[in-house]
Amino acid sequence: MPNLCNYFFNKRDQGKKSKRKKRQDEQTSDIEPGDGIGALEVFDSCGRSADGVDLVFVHGLRGSRVKTWSKGDVFWPRDLLKDDLEKARVIAWGYDADIAKVFSYASKESLFGHGETLLADLSRIRQGITRPLIFICHSLGGLVVKEALITSASYKSHGRHLGRGEVYASTIGLVFMGTPHRGSSKESYGDIAASVARLSFRQPNKQLLRTLKPDSHILEKQRDGFTTVSNEMNIICVREELPTPAGMIVPEASASYDGFNVTRGSIRANHMDMVRFSSRDEGYKRTLGYIESILGAKTPEVFRGNEVIQSRIDAILTKLWFPTMDSREEGIDEAYADTCSWILDSRSRNHNSESGDDEVSTVPSQFSSWLQNNETYFWVSGKAGCGKSTLMKYVYQDKRTEAALRNSQWTQGKDVMLIGYFFFERGNNDQKSREGMLRSILHQVLCTRRELIPIVFPRWRFFEERRLQGNDSALKEEIPEDFLDWSILKSAFMYTLDQLQDSIICLFLDGLDEYRMVERTNEYTEEQLDLIYDGGNEDEGWGQSTWITDGHKEIADFLHSLKTYGNVKICLSSRELNIFEQEFRDFTRIMVHEHTAEPIARYCRDRLTEKTPDLMELSEFASAITKKSCGVFLWVRLVVDMLVDGYSDGNSKEELLGTLDRLPERLGGKNGLYSLMIRNIKHEYLPESKRLFQLALRWSEKSNHRGEQPDIITLFLAEQGHCEKGSDELRAQRERHEPKTWDELQPKCKELSRRLKSRCAGLLKRIKPVQFMHQTAKQFLLE
């Protein structure tokens, strides 16, 4: 165990009616005459033109073609989209998927039957129309559409039912919203649906219910089939972030599936509300953005027709892709309320007019100004834990960022591409290396510009005419081991930038301080790899080494080399380490911790109002916390949690203020906040705490290449050891082998989650996988 951890452990060893009405309203099928079964043309701005796109909305379980997509009087595919999309025809398709209608038996149609009906309706209304198709599917509707496309692909391949086969040929993308690709958990979909069915005293459609059960063989077969036929389609899987009163309906693991052409997203709403918008709020903007991203990624016709070329392009994209490519970005906390909006908001400025009167005008924020000028670099710097990654995720995903780039004079009407990569030192090698960075960047760019792949990977001549004859199954064997080496990836990236002179590429690179030269530790001595903790710079105090500093210099040099390309802008973030202060000294810059006072005060007021409603003079607490935080949001979150716990224990205002006054201002060090958290672990828990921390640190060291972090069950089994306490008898010889699903283990997981918090003071968190709550927590235990 690291010295500091030993220090603490050794030292411690020494010393209802309205709700029913609302449910009834939600279960009402028909909110207007047009809400029924079949295809409903909502609006058409294309006419018979081949230009434009057909958008087909398919509802989910117990939904309907109008009600599902409506909030209040607003049917957003009609009332909002018609003003936001040029040349589009919107079709809402309805079918009987109400498994438990109160007044009539549910449909007995299978998943296949619903898919066939959808194909028949679309082929009828698309006669003579060749423009592309995009499906927007909610819940079960996604499974229906997948089944329809699998069937349509079969028709296309065998030359049968030509109209139905053209549906597959015309489909360029799908947006799955809350679709259970892997089945839903028993608590949140299958059993809930069955309970609703029992309320009606009718017989539900058992085929549909069985399909929604976890690990359904029907879903597994469909998933494999759809993966095969969807290689040329852009897939976006959107999950719900909030639970319903009955729980999370489609959990995160079920709402997406692995694939190189799959993009993941989320909407901050529950399963029902994630597709209901009454205004152009954030949820609607994200959904519109998903549709626009598919429209912007249409594959050129010159490549669509050649299946061999397409399969080779797909194989290369698959080689670039890695499973944890989006994990870090998805794992970063969303910005609380509007606490990050300051970076994009315009600010007021007073000045004197010619008449002598004061006038107020607005000027763009520093970041917005950078987006619209021709400067290459923007540095988001800040102390450890101040919220840099949350801010980077916010600006990368906010639609105003792309809009500002598109509207700037220097882009001159060129296409704009936003590309992001978030370094993650606690992850696997792909998540913290230069190779992983370029694999991610190339994959993002080339998925939308597939025609560039034969150009930017010319070395092995994959696309020579003689290699495109006959069976293409040997391509995977043709791709050599060094395909993912730095020199090859860098060359491909430079080729790509050369070919994209008709575009503007804006890179968002978060956490440069977490970059590591993972493949070159053997080039350094043990002394050069050892961490040093005596840096004068506060951020240096978390630990630096020659190996780490050399890596930071290397990534800085690479970024400097991109300045010669006139079509690249780079927004980067890092701690304020000495090497970055030197390398980025001339960059436009904001220091995040200098802008967080107001957001921190708001967070404190809101959180304390919610959790300690009877506490007097909340503003006094908010002010004191803000002043003491030095702009570090992570410190604030931990301190507010401590005060809430104290309030729950019955502490008075004076006692809570005393606690706040005694808390250290720093996170790390022997007298920091992390130290205090460990000191507060109960004495009898310390041996177990020490083993858990040791395992977490060792796991982090040993799992770099596989990218595997332990789930909470595995961690605690490892902590117990493989032998019975006090003997050499193997535990496995005594215990019964009883395989259980992850859902069946949930009660045990919740129990162990509480245990993890009490034994590790919150420095380790989550269930699957268990991770350090922040990079600084890991660095603290390594001291």
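## A buried ion pair, a parallel sheet and a charged helix

Both Glu425 and Lys778 are buried, and in this predicted model they offer a convenient place to start. The side chains of these two residues meet in a salt bridge, with an N to O distance of 3.1 Å. Glu425 belongs to the loop between β13 and α18 (434-448), whereas Lys778 sits in helix α34 (residues 775-782), so the pair ties together parts of the structure that are 353 residues apart in sequence. Side chains of opposite charge can pair when their charged atoms come close.

From the loop that holds Glu425, which follows β13, the reader can step back to the sheet to which that strand belongs. Five strands form an open sheet, and they are arranged in the order β13-β14-β15-β12-β16 with parallel pairing. At the two edges lie β13 (415-422) and β16 (588-591), each of which pairs on one side only. On average, and with direction ignored, neighbouring strands of this sheet are turned by 15° against each other.

The partner of β13 in this arrangement is β14 (residues 503-510), and the two strands pair in the parallel sense over eight bridges. To find one of these positions in the model, one may look at Met417, whose bridge partner in β14 is Ile505.

Beyond the sheet, the charged pairs deserve a wider look, as the structure holds 43 salt bridges in total. One of them joins the side chains of Asp606 and Arg602, with 3.6 Å from N to O. Here both residues lie in a single helix, α25 (residues 597-611), where they are four residues apart, or about one turn of the helix. Asp606 counts as partly exposed because its relative accessibility is 30%, and Arg602, with a relative accessible area of 31%, is likewise partly exposed.

Another salt bridge leads from one helix to another: Arg607 pairs with Asp641, and their closest N and O atoms are 2.8 Å apart. Since Arg607 lies in helix α25 and Asp641 in helix α27 (residues 633-648), this pair ties together parts that are 34 residues apart in sequence. Asp641, at 33% relative accessibility, counts as partly exposed.

Salt bridges can also share partners, and in this way Glu241, Arg268, Glu282, Arg286, Glu334 and Lys393 are joined into one network.

Definitions and conventions
Residues are numbered from 1 along each chain as its sequence is written. This is a predicted model: local features need pLDDT of at least 70, side-chain atom pairs count only at pLDDT 80 or more; totals for chains, interfaces and linings use all residues. Side-chain values use heavy atoms; hydrogens and water are left out. Two strands pair if DSSP finds at least two bridges between them. Axes are lines fitted to C-alpha atoms, for helices over the stretch in contact, and angles run from 0 to 180 degrees between N-to-C directions. A salt bridge is a side-chain nitrogen of Lys or Arg within 4 Å of a carboxyl oxygen of Asp or Glu. Buried means under 20% relative accessible area, exposed over 50%, partly exposed in between (1.4 Å probe, protein chains only).
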